[in-house]
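Me: Please take me through the terms used for this model, and set each value against the rule behind it.

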Amino acid sequence: MEGRGSMQGDGYDSRLNEIIRKYGYVAGGITDSTQVHAAVTDIFTEKCTGKKVAIWGVGKKNTVNSHAAVIINKYILNLQGLCCLVDSSPDIQGTEFLGFPVIAPEELPGTGVEVVIAGSRASAKAIIKDTRKTVPGCYCLDIYEELAKKGIVIGYNFFSEQNMYTRLYQLRVQYGEAGPGEKAGLLKELIASYLHIRDFHYAEKYAAIYIEERYEGYEGLMEMMEETRKLQSEVAEANAAGKGGILVHLIDSLRATDVFKYKDGRLVYGMFASYQENSLSFTNAYSTGPTTYESMMGVVKQELSFEEDVYDGNFMFQFDEFPLLREMESMGKKVVFYVAKDYYIMEPSDRLERREHLHMSEKLWNVACDMAESRQGMFAFIYYPWELHFPLLCGYMHNPPVIKHFSDVGVESMPGTLEAQFEDCKKYADTQFSYYKEMLGAHTAHVFMGDHSQPVCDRGHPGYPYFMYYNDPDRSTHVAFFISWEKLEGAVYSGLVSMVDFNSIMGQVFCKGSMGFPARDEVQYQYYGIQNKKLREAAGENGLWDYTEGIQCFLSDRYLFAITATGKEEIYEKEGDCYKYTESQEGKAFAEKIKGKYDIGFPGFWTVRYRRV
């Protein structure tokens, strides 16, 4: 944690750890792949931002799971300066790999490369030695050595999926298939693993089975679970007696279409139904971009991503750039961000605290503990990056988990089980928030929001990459956004909302006690140029090149006007839940109105960094 020092809430968590240790339910060690991914992202951002980069080692042109392929496909946004690959094999020198030229080692000195990434685990030391000999001034980046500096020592490829959520699935399968003599041990490991991530709901489920079967030591397990319940009750009672905090739950890719359902013309929550009473629902809220980095510019700074180049060191924000934080500070609130290493959101500051946890249940538990022990009212911004975003993993999956990524949409084959996996994730998130609702206190205000939407099963656009959903707002930018608070009457705000209005809306509700929200005739969202080589190749193969160079979109309650950086213009009209291409006079009039009202051009940095036509 960074900031003003440790919060007192660690006391409850420490007591829970003591209970778990006392009864022998400490989970076996596992390095979570999400933790590894977050650390690798951090390494590339720290070492490579603003520098010219090469990867040494192509891996025999393995475009799926070689180090070079994974680094290019998964981390290209953190490697904007990647210009070439280096390989000692004459067979591939002079060719391209995933759109990047492959050069011989002796050509490297003339490239201006400042950082060389070792593209192999087994050969890293040899690559680094050769790099230092060939280009002595280059920084040699050994991913595994950098991970070790962060306390993460692994003996397998860094991109291998080793995840607590996948581990829980494996344990459940093993338990189901185990003989009588093995079931008790596997049950014990399941209980320990769920307690490790502070998922009390499923820990209770498997503890009940263990106790019912009267396995060895079941009496001790009964005592342990009773002690954990009493501890949770302490937290709940402390929060019930308090004034309550303001919790912003930023759930990555929380889609409006999954939360806002209608039955007989009445709004019914498809998720988080236990929070619907006394909720103010913004049913037509839209992010400013289709990815986290691009949309957070709007949420925090009230700017569109084209106003400042997000990828030019603008990933994280200063305290004073987030107006809402200043408001909370002036109200005497303690400002705390609960994050994971993959995205801290805010730069370190002595005006805020930052706490790192991976899993949804871990975050909810620690927020509850911190609120219970804090003498100061709390404003917490909690980022949940994993459960509802690709690869769509959670703590209770019915089928073997499929590991796919956002950039795979429309490019890689998506198994039919992926939709069921997504449903499992939604149910799991719903279960965790329902479980923790009482523990967080009746007086606490909850703000739920998505940073962007996402396509999951590629419906409606078979074979299209994710950026081709620009004309399907439900799967690109239409986000869930609602405020649940005892001081509100249940209400629906159906006017158009851009997430650049987030600061304003929060200020109206919590600082002014008002419902005077910005009125908008249309909202704007923007797509950056596509850098991922796999996506660009897919676009070329399918005649979609126009859409890879950047897209401006303007959405009203009836029309959508899109213009690409190549000059292609399209108008769509809403029919039911879909937008259909139109050439109607009314649609054309909307497009002309937009052209007269907005700057539909693309920023100056575009031609240098993105546009390649």
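**Terms and values**

Me: What is the phi of Gln302, the residue that follows H11?
Reply: Gln302 comes after H11 and has a positive phi, near 60°. The name H11 rests on the DSSP runs: helices are H or I runs of at least four residues, strands are E runs of at least two, and both are numbered from the N terminus. The model is predicted: local features need pLDDT of at least 70, side-chain atom pairs count only at pLDDT 80 or more, and totals for chains, interfaces and linings use all residues. Residues are numbered from 1 along each chain as its sequence is written, and side-chain values use heavy atoms, with hydrogens and water left out.

Me: Why is helix H11 described as largely enclosed by the rest of the structure?
Reply: A residue is buried under 20% relative accessible area, exposed over 50% and partly exposed in between, using a 1.4 Å probe and protein chains only. In H11 (residues 292-301), 10 of the 10 residues are buried, so the helix is largely enclosed by the rest of the structure. Among them are Tyr293, Glu294 and Lys301.

Me: Why does Asn73 count as buried?
Reply: Asn73 has a relative accessibility of 11%, and the cut-off is under 20%, so the term applies. This residue belongs to helix H3 (residues 67-75). Its C-alpha lies 6.9 Å from that of Lys534, although the two are 461 residues apart in sequence.

Me: What makes Tyr202 and Tyr396 a stacked aromatic pair?
Reply: Rings of Phe, Tyr and Trp (its six-membered ring) pair if their centres lie within 6.5 Å; planes under 30 degrees apart count as stacked, over 60 as edge-to-face and the rest as tilted. By this rule there are 45 aromatic pairs. For Tyr202 and Tyr396 the centres are 4.6 Å apart and the planes 10° apart, so both conditions are met. The pair links distant parts of the chain: Tyr202 is in helix H8 (residues 200-212) and Tyr396 is in the loop between strand E14 (378-384) and helix H14 (417-437), 194 residues away. Both tyrosines are buried.

Me: Why is the pair of Phe282 and Phe481 called stacked?
Reply: The ring centres lie 4.7 Å apart and the planes meet at 20°, so Phe282 and Phe481 are stacked. This pair also joins distant parts of the chain, with Phe282 in strand E10 (residues 279-282) and Phe481 in strand E17 (residues 481-484), 199 residues apart. Phe282 is buried at a relative accessible area of 0%, and Phe481 is buried at 0% as well.

Me: How do you know that Arg172 lies over the face of Tyr396?
Reply: A charge sits over a ring if NZ of Lys or CZ of Arg is within 6 Å of the ring centre and within 35 degrees of the ring normal. Arg172 is 3.8 Å from the ring centre of Tyr396, so the distance condition is satisfied. The charged end of Lys183 likewise sits over the ring of Tyr175, at 4.4 Å from its centre.

Me: How do you know that strand E22 and strand E23 are joined?
Reply: Two strands pair if DSSP finds at least two bridges between them. E22 (residues 559-564) and E23 (residues 569-575) share 5 bridges and run antiparallel, so they pair. One of these contacts in the sheet is the bridge from Ala562 to Glu570 in E23.

Me: Why do strand E20 and strand E24 stand at the edges?
Reply: The order of this open sheet of 5 strands is E20-E21-E22-E23-E24, with antiparallel pairing. E20 (523-527) and E24 (578-581) each have a single partner strand, so one side of each is left without a neighbour in the sheet.

Me: What makes strand E2 mostly covered?
Reply: In E2 (residues 82-86), 4 of the 5 residues are buried. Strand E1 (residues 53-56) is joined to E2 in parallel by 4 bridges, and the bridge partner of Trp56 there is Val86. E2 also pairs in the parallel sense with strand E4 (residues 100-103), over 2 bridges.

Me: What is the average pLDDT of the protein?
Reply: The average is 90, and 93% of the residues score at least 70, where pLDDT is the predictor's confidence in each residue, from 0 to 100.
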